Amino acid sequence: MQELEAVTSEIVRLIETASVPILAVDVDGLVDGWNTKIAELAGLPVDKAVGKHLLTLVEESSIDIVRKILFLALQGQEEKDIQFEIRTHGSRADAGPISLIVNACANRDLHESVIGVCFVAQDITGQKSFMDKFTRIEGDYKAIVQNPNPLIPPIFGTDEFGWCSEWNPAMTLLTGWRREEVIDKMLLGEVFGVHMACCRLKNQEAFVNLGVVLNNAMAGQEPEKVSFGFFARSGKYVECLLCASKKLDREGSVTGVFCFLQLASQELQQALHVQQLSEQTAQKRLKALAYIKRQIRNPLSGIIFSQKMLEATELGAEQTELLHTSTQCQHQLSKILDDSDLNSIIDGYLNLEMVKFSLHEELIASISQVMMKSNGMGIRIINDAADNIMNEFLYGDRIRIQQVLADFLLISVNFTPAGGQLMVAASLTKDGIGESIHLVHLELRITHTGCGIPEMLLNQMFGSDGDASEEGISLLISRKLVKLMSGDVEYLREAGKSTFIISVELAAAHNSRS
């Protein structure tokens, strides 16, 4: 967990300080992440961007593209190297929209549920402006192609017969091959090839794909960016995006193809690396959790078998009650091991059971789970619930009630000083909803001595702190379970003591335990 938290903190820091635009949306498409770079480029501060729907921030021509990206990413299909345009605001409005190349990454929780989409982008506004102007020029391209301006991307070209006709300074810098070494060589085979070529491709498939891209451009198809890679003269493998556009003469006839390469910036590569590291860490965590849950089930099966064997023997009244308490705890553990979707609890759509039980049995089982720790700390636990309440028959999810009580008892013991005292009290009122059924308003109070639960944990219980600890997550889940029972949890501080007040609504029959 500490490793995961460290990676998460690094991601947050990287997003805020990255020199590449990064933005994120939730499952409804509302912006919940907008880093400094995208705010600067768009002229829209983070407080103005957060909460707006992403489709309201993009150019009208990009709405369909972005809508499709969002839909696919929320289904878990992550798109890469997609181009769209963001509107500009304020002092940047007159500059026109900014063009971005983005990777859409699905944000997932620890259970692999998609909770939003993160866009890691690269600003290509300057390059796009140049390329748009470049492809509209009817005259001689050479003066522009050979311009050493750093805004000009790596460019190479071929004539209509397939000979390499252009190779600009950026290509020389990227590949290590000088212009005079490649001009008038066959672009496919001699310049880019699988074996005896200047820029070696990885395999035959890459060679065929490059040929398809060039032929499509020559045929006048709309240019699209494709992944492209080759080995430079130094042996370093270069990964980039390739966009091929037809070259026209003054009469509009196709005379060849120009190819533009776009390289991911170092910051973008680092952002993608950290994100990949986070996903790998989360995946390892899930695998470890799945392994632990599986291994727990084996000894749990042995415990269940032993309990059934004991039930078949002659036991005294006290032994029978202890065995029953052990069985109750085993049922709780089995239920928790089956909780594979915590979102069903947090979002409030978990199905609760409706069975008959007595508060006495569930309270005894819950208290038993903290007795070893409380005895070790010299903490005295007092069950102050009245007998008539303890013996009342109720209807509800008894295992979830037991789980909730055990969680709040444990957190109370953890923050009770050694030698202190913990008291459990209960009260209930009934409202008749028929001849035989009553609606029961049950209130349980767990009071402990000491300074009380830290405010940070209480904030995590109420969901106001997104970076929850293990104790905080446990409290949050328990409160959500109480909310599912039409109740809630309060925490009351008094001089020298504090109290959890847990209220739920259950059903009760007329008969009670004797």
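The points below concern a predicted model and take up one buried asparagine, two helix contacts and two loop residues with positive phi.

1. Asparagine 103 sits in strand β4, which covers residues 98-108. Its relative accessibility is 12%, and because buried means under 20%, asparagine 103 counts as buried. The side chain of asparagine 103 reaches the backbone nitrogen of aspartate 81 at a distance of 3.0 Å. Glutamate 79 is 24 residues away from asparagine 103 in sequence, yet the two C-alpha atoms are 6.0 Å apart in space.

2. Helix α16 (residues 398-414) packs against helix α13 (residues 359-368), with the axes 8 Å apart and an angle of about 40° between them. Angles of 65 to 115 degrees count as roughly perpendicular and those under 35 as roughly parallel, so α13 and α16 are described as oblique to each other. The crossing in which α13 passes α16 is right-handed. On the α13 side the contact involves Glu362, Leu363, Ala365, Ser366 and Ile367, and these meet Arg398, Gln402, Leu405, Ala406 and Leu409 of α16. Sorted by class, this contact of α13 with α16 comprises six nonpolar, two polar and two charged residues.

3. Helix α16 also meets helix α11 (residues 317-337), and here the axes come within 10 Å and cross at roughly 95°; α11 and α16 are therefore roughly perpendicular to each other. From α11 the residues in contact are Gln328, Cys329, His331, Gln332, Lys335 and Ile336, while α16 contributes Arg398, Ile399, Arg400, Gln402, Gln403 and Ala406. By class, the contact of α11 with α16 has four nonpolar, five polar and three charged residues. A reader tracing α16 in the model will find Arg398, Gln402 and Ala406 listed in the contact with α13 and listed again in the contact with α11.

4. Aspartate 184 deserves a look at its backbone, since its phi is positive, at about 70°, although the residue is not a glycine. Aspartate 184 belongs to the loop that runs between α8 (179-182) and β8 (192-193). With a relative accessibility of 60%, aspartate 184 counts as exposed.

5. Serine 486 is another residue other than glycine with a positive phi, here near 60°. The loop that holds serine 486 lies between α18 (470-484) and β18 (488-494). Is serine 486 buried or exposed? At 51% relative accessibility serine 486 counts as exposed, because the class begins over 50%.

Note on methods. Residues are numbered from 1 along each chain as its sequence is written. This is a predicted model: local features need pLDDT of at least 70, side-chain atom pairs count only at pLDDT 80 or more; totals for chains, interfaces and linings use all residues. Side-chain values use heavy atoms; hydrogens and water are left out. Helices (H or I, at least four residues) and strands (E, at least two) are DSSP runs, numbered from the N terminus. Buried means under 20% relative accessible area, exposed over 50%, partly exposed in between (1.4 Å probe, protein chains only). A polar contact is a pair of N or O atoms within 3.5 Å; within protein, one must be able to donate a hydrogen and the other to accept it, and residues adjacent in sequence count only if both atoms are side-chain atoms. Axes are lines fitted to C-alpha atoms, for helices over the stretch in contact, and angles run from 0 to 180 degrees between N-to-C directions. Angles under 35 degrees count as roughly parallel, over 145 as roughly antiparallel, 65 to 115 as roughly perpendicular and the rest as oblique. A crossing is left-handed if the near helix is turned anticlockwise from the far one by less than a right angle, and right-handed if clockwise. Contact means heavy atoms within 4.5 Å. Ala, Val, Leu, Ile, Met, Phe, Trp, Tyr, Cys and Pro count as nonpolar, Asp, Glu, Lys and Arg as charged, and the others, Gly among them, as polar.
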